[in-house]
Amino acid sequence: MPIEYLTGRARLQGYCTAEEAEGLLEWILQHPQGAVDLSEAEHIHTAILQVLQCAKPAIAGSPHDPFLRTLIGDGSAELRGEPQ
Amino acid sequence: MTPLLEQFLIEARDIVEATAANLLQLESQTGDSEALDSLFRHVHTLKGNAGLFGFRPLVEVSHAAEDVLDEIREGNLGVDSDLIDSLLEAMDLAGQMLVSVEETEGIDASLEADAVELARRLREGWLSQKTGSETAAPPSVVSPPENQDWLNRIPETVRLAAFASGKPLQGVRYIPEPECFFKGEDPLFTVRKTPGLIWTVVSHREQWVPVEQMDVFRCNLIFDLLSQESEAALKEHFRYVADQIAVYNVPCGDSRQEAGLNHALRENSMVEGLRRDILISQRRVLEQTSPPETIHGRVTSVGKTLDAVLRTVRGQVALISLAEAVTRAKDHNTPEPLIEWLDEELRAQIPVTAPSPPVSGNSGGPESAPWRSAEQSPPLRGGSRKSANARVPAPHEESVTVLKVPMAKVDRLMELIGEMVVAKNALPYLAARAEQENGSAGLAREIKMQYAIMHRIAQEMQDGIQQVRMLPVGSVFRRFPRLVRDLSKDLGKQVELVVEGEETEVDKNIVEALGDPMIHILRNSLDHGIEPPAERSAAGKTPMGRLLVRASQDGDRVRILVEDDGRGIDPAVIKRKAYEKGLVDEAKLDSMSDEEAIQLVFLPGFSTAASVSDLSGRGVGMDVVRRSLDKVGGTVQLTSRPGAGTSILLSLPLSMAISRVMMIRACGRTFGVPLEQVVETVRISVGNTHKIGHRRVTLLRGEVIPLYSAKELLCLAADETDTSAEFSVLVARPGGETIGLIVDGFAQAIDVIVKPLEGPLAKLPGYAGTALLGDGSILLILNLKELL
């Protein structure tokens with residue numbers, strides 16, 4: 001189960017595919033206060049990244065994966081970056 | 001050759017073979033989407049695998065073929081025989097490259113040039129004309145960003161390190177097309193795998209709509225990448241999305257101004273590298289196995305070292321948890337808790353402070369940037385690997401149920417079991433000795449019992465291994481559709497090939513021995529048998545000839561029938577030819593029936609083709625077919641009706657590894673005769689034999705059979721010395737004729753492994769080979785056909 005929806009927290013694990021993007025977006029809409037935990041994600045599909053970029057949820061647990069870390073950063077500073 | 005490369009070769013060869021079959025299938029049934037899908041999948045796999053090993057020419061060819069197939073699948077390109085020809089040519093070239101890989105572990109330079117040329121022809125011939133310039137490397141629509149502001153979003157330390165490395169830096173702007181998710185693409189994954197990637201900045205193409213209206217399946221992202229790879233390498237990496245990227249040079253900042261910062265940065269990374277090294281070496285210390293009484297001391301010392309190293313950089317919390325881990329370790333007298341704590345600490349360190357960038361001398365700056373560790377991180381695991389609307393299904397990790405084993409390993413097993421059978425045969429001799437020399441009947445009985453058990457097990461093992469070696473004859477037949485298609489095209493004939501019973505299984509040696517004769521027979525049928533369409537119509541037949549190949553099992557033999565409905569063989573023509581070539585004399589010709597006349601084609605040096613054509617008449621004839629079948633104990637029968645067709649029936653043993661021979665004695669020596677040739681053994685009194693000329697004959701159950709003396713044949717002694725009143729006769733049928741062999745006596749029939757004579761002995765006629773007996777002696781196996 002690549003995305004585990006817990007109370008107030010969605011935990012992404014392993015390789016999260018495009019199919020899961022829609023579910024994640026719905027969950028974020030229903031849980032505006034919820035946080036997304038990326039610490040155990042190994043790779044996320046572009047569609048998931050896009051959901052995070054657009055919906056800008058709180059990020060709990062920065063990814064162990066170094067590449068994702070460069071994208072997400074320790075918090076979500078990168079996500080909240082200004083568009084060009 | 002590495003096992004991985006071997007595996008690649010095995011798989012690639014299968015793929016090339018399967019694609020050829022698929023292509024022919026596709027040609028005969030243009031709309032066969034299943035064949036097309038399988039074709040596409042195969043070529044795609046081939047491309048991927050070849051890429052893995054860096055065989056560029058192979059990638060090139062398979063990629064071009066894949067593009068063409070894609071066009072067919074999209075319905076933009078119709079299938080015709082020229083197109084199939086081109087694709088077959090591509091697969092042939094791929095096959096040649098595989099041979100080259102097998103021999104040299106690389107691809108020959110000449111093939112490389114061919115590959116480029118062929119790929120170009122495939123693309124130009126089939127893609128450009130139908131789809132215009134769209135597929136031929138579309139020009140990029142992406143331009144580099146107007147300013148370098150995005151660089152400011154890269155963390156300061158990273159950016160400085162990149163500039164300080166002195167390597168030229170490239171920027172890549174990658175704007176995936178909005179529909180890319182539906183094509184199964186994952187731009188982020190492509191980005192992640194970018195060579196020399198230093199940092200990625202994500203922005204968006206259009207302003208975000210309110211989250212509630214967001215379309216998750218439309219890609220709205222822009223990636224700006226900083227890489228230290230060359231422009232060419234980057235373009236290569238993004239070749240599938242060439243129209244969606246822009247690669248440009250990123251000027252380095254003012255190096256003088258940054259020099260000072262650089263220095264500080266380098267120092268810092270050096271210290272961090274050292275710190276990490278210490279943690280790793282401490283972990284190694286803990287891992288050493290040691291007597292329990294030393295663990296306490298070791299844990300204490302490691303704990304102190306860690307405390308000292310981390311005191312300046314880690315907070316109080318970390319130090320407390322360290323102390324706790326040390327206490328736990330001491331309490332349980334095991335280093336485990338401390339190792340766990342260290343692992344946790346090391347894991348936390350990787351991303352935060354980055355693994356030690358190796359600093360090399362004065363070159364100034366990290367050579368491999370910390371973010372490279374993306375490549376070192378554990379491979380993506382777990383979770384589902386499928387991507388949205390993937391065009392090519394990703395391989396699933398299934399438990400392996402079928403093993404691909406190199407033939408050599410199975411051959412080795414076969415040899416071993418053969419030796420085992422022979423070794424086992426020594427036990428009865430041992431039992432006999434125990435009884436005779438030591439007078440121990442009990443021991444002899446026990447040895448015989450053990451022998452019975454071993455015999456049973458050996459038998460089962462042998463059966464089992466033989467099963468492994470069995471291959472469907474289809475593996476030979478698979479080549480035929482292609483052969484028939486190409487030849488009939490060349491000859492301007494229309495031929496329908498019908499293959500039946502390709503699932504019949506025979507030993508792989510037999511399968512191998514079958515290949516060349518079969519091809520020769522098919523060529524003959526196509527060349528001489530089946531007539532051109534006009535001639536067929538004139539004879540009242542359908543314009544399309546029919547060629548049937550049918551395999552079936554018949555007891556312990558496999559029968560293969562090749563039948564055509566062509567013009568058949570004219571006995572008169574054969575007779576005349578044979579006479580002209582001096583193969584038969586006039587007297588014989590007159591007494592010859594039509595049936596016998598046809599068999600003349602098996603004589604060495606007989607070739608009916610008026611001119612030596614490229615196809616079947618290459619100076620070899622049906623005699624080669626017969627001889628190669630002989631070698632594996634096979635026979636061939638030819639029947640033909642003029643005007644109605646020819647049929648050739650091959651009969652081969654299912655397996656040839658272990659054979660049964662009948663042992664005979666002559667002049668005190670023992671010889672073997674293959675049991676399949678033996679009809680019966682009889683005793684005939686001298687009075688019942690007659691001499692016709694020099695030949696002694698006898699009448700056995702109404703049939704006159706010639707008698708040959710084994711002694712004479714083997715030049716052991718003259719027949720005249722024989723004065724016994726009764727002959728022991730082995731009645732055998734080596735060829736088509738029944739003969740009697742006068743021997744001194746018979747011994748039992750045994751299972752042996754017949755090994756062919758090798759070296760100078762191979763030229764000895766009359767012997768089929770040798771076999772090792774249980775008592776260590778060597779048995780010569782007679783080849784009666786050659787002896788007579």
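What is the mean pLDDT of chain B, and what share of its residues reach 70 or more? The mean is 78, and 85% of the residues in chain B get to 70 or more. Keep in mind that this is a predicted model, with an ipTM of 0.88 and a pTM of 0.45. Here's a quick tour of both chains, starting with where to be careful.

**Confidence**

- Two stretches of chain B deserve some caution. In residues 254–261 of chain B, pLDDT stays under 50, and the model has 4 contacts there beyond four places in sequence.
- The other stretch covers residues 351–396 of chain B, again with pLDDT under 50 throughout. For this one, the model has 79 contacts beyond four places in sequence.
- Where pLDDT is low, the predicted coordinates shouldn't be read in detail.

**Chain A at a glance**

- Chain A has 84 residues, and 63% of them count as buried.
- Its secondary structure adds up to 3 helices and 4 strands, and from the N terminus on the order is β-β-α-β-α-β-α.
- Take the contacts in chain A between residues at least 6 apart in sequence: 48% of them join residues at least 24 apart.
- About 3200 Å² of chain A is exposed, with carbon and sulfur atoms supplying 49% of that area.

**Helix 2 of chain A**

- How many of the residues in helix 2 (residues 46–55) of chain A are buried? The count is 10 of 10, so the helix is mostly covered, with "buried" meaning under 20% relative accessible area.
- The buried residues of helix 2 of chain A include A:T46, A:Q50 and A:Q53, along with A:I48, A:L49, A:V51 and A:L52.
- Right after helix 2 of chain A comes A:K56, which has a positive phi, near 50 degrees.

**Chain B at a glance**

- Chain B runs to 788 residues, with 44% of them buried.
- The chain B tally is 26 helices and 22 strands.
- For contacts in chain B between residues at least 6 apart in sequence, 69% link residues at least 24 apart.
- The accessible surface of chain B is about 41000 Å², and 53% of it belongs to carbon and sulfur atoms.

**The first two helices of chain B**

- Two packed helices are described by the angle between their axes and the distance between the axes.
- Here the pair is helix 1 (residues 3–28) and helix 2 (residues 33–53) of chain B, whose axes come within 9 Å and cross at roughly 155 degrees.
- Angles over 145 degrees count as roughly antiparallel, so helix 1 and helix 2 of chain B are roughly antiparallel to each other.
- As for handedness, helix 1 of chain B passes helix 2 of chain B in a left-handed crossing.

**B:R13, on helix 1**

- B:R13 sits in helix 1 of chain B and is partly exposed, at 34% relative accessible area.
- Which residues does B:R13 touch, leaving aside those up to four places away in sequence? They are B:L98 and B:E102.
- The C-alpha atoms of B:R13 and B:V99 are 9.2 Å apart, although the two residues are 86 residues apart along the chain.

**B:D630, in helix 24**

- B:D630 has its place in helix 24 (residues 622–631) of chain B, where it is partly exposed with a relative accessible area of 32%.
- B:D630 and B:K785 are 155 residues apart along the chain, yet their C-alpha atoms are separated by 9.9 Å.

**Positive phi in two loops of chain B**

- Most residues other than glycine have a negative phi, which makes the next two worth a look.
- B:C667 has a phi near 55 degrees, a positive value in a residue other than glycine.
- Where is B:C667? In the loop between strand 12 (659–666) and strand 13 (669–674) of chain B. At 34% relative accessibility, B:C667 counts as partly exposed.
- B:R701 also has a positive phi, near 45 degrees, and it too is a residue other than glycine.
- The loop holding B:R701 lies between strand 16 (695–700) and strand 17 (703–709) of chain B.
- Is B:R701 buried or exposed? B:R701 is exposed, because its relative accessible area of 64% is over the 50% cut-off.

Technical notes. Residues numbered from 1 in each chain as written. Chains lettered and ligands numbered in written order. Predicted model: local features only at pLDDT ≥ 70, side-chain atom pairs only at ≥ 80, totals over all residues. Heavy atoms only, no water. Buried < 20%, exposed > 50% of the residue type's maximum accessible area, 1.4 Å probe, protein only. Contact = heavy atoms within 4.5 Å. Areas by Shrake-Rupley, 256 points an atom, 1.4 Å probe, with all protein chains shown as cover. pLDDT = per-residue confidence, 0-100. Axes fitted to C-alpha atoms, helices over the stretch in contact; angles between N-to-C directions. Parallel < 35°, antiparallel > 145°, perpendicular 65-115°, else oblique. Left-handed = near helix turned anticlockwise from the far one by under 90°.
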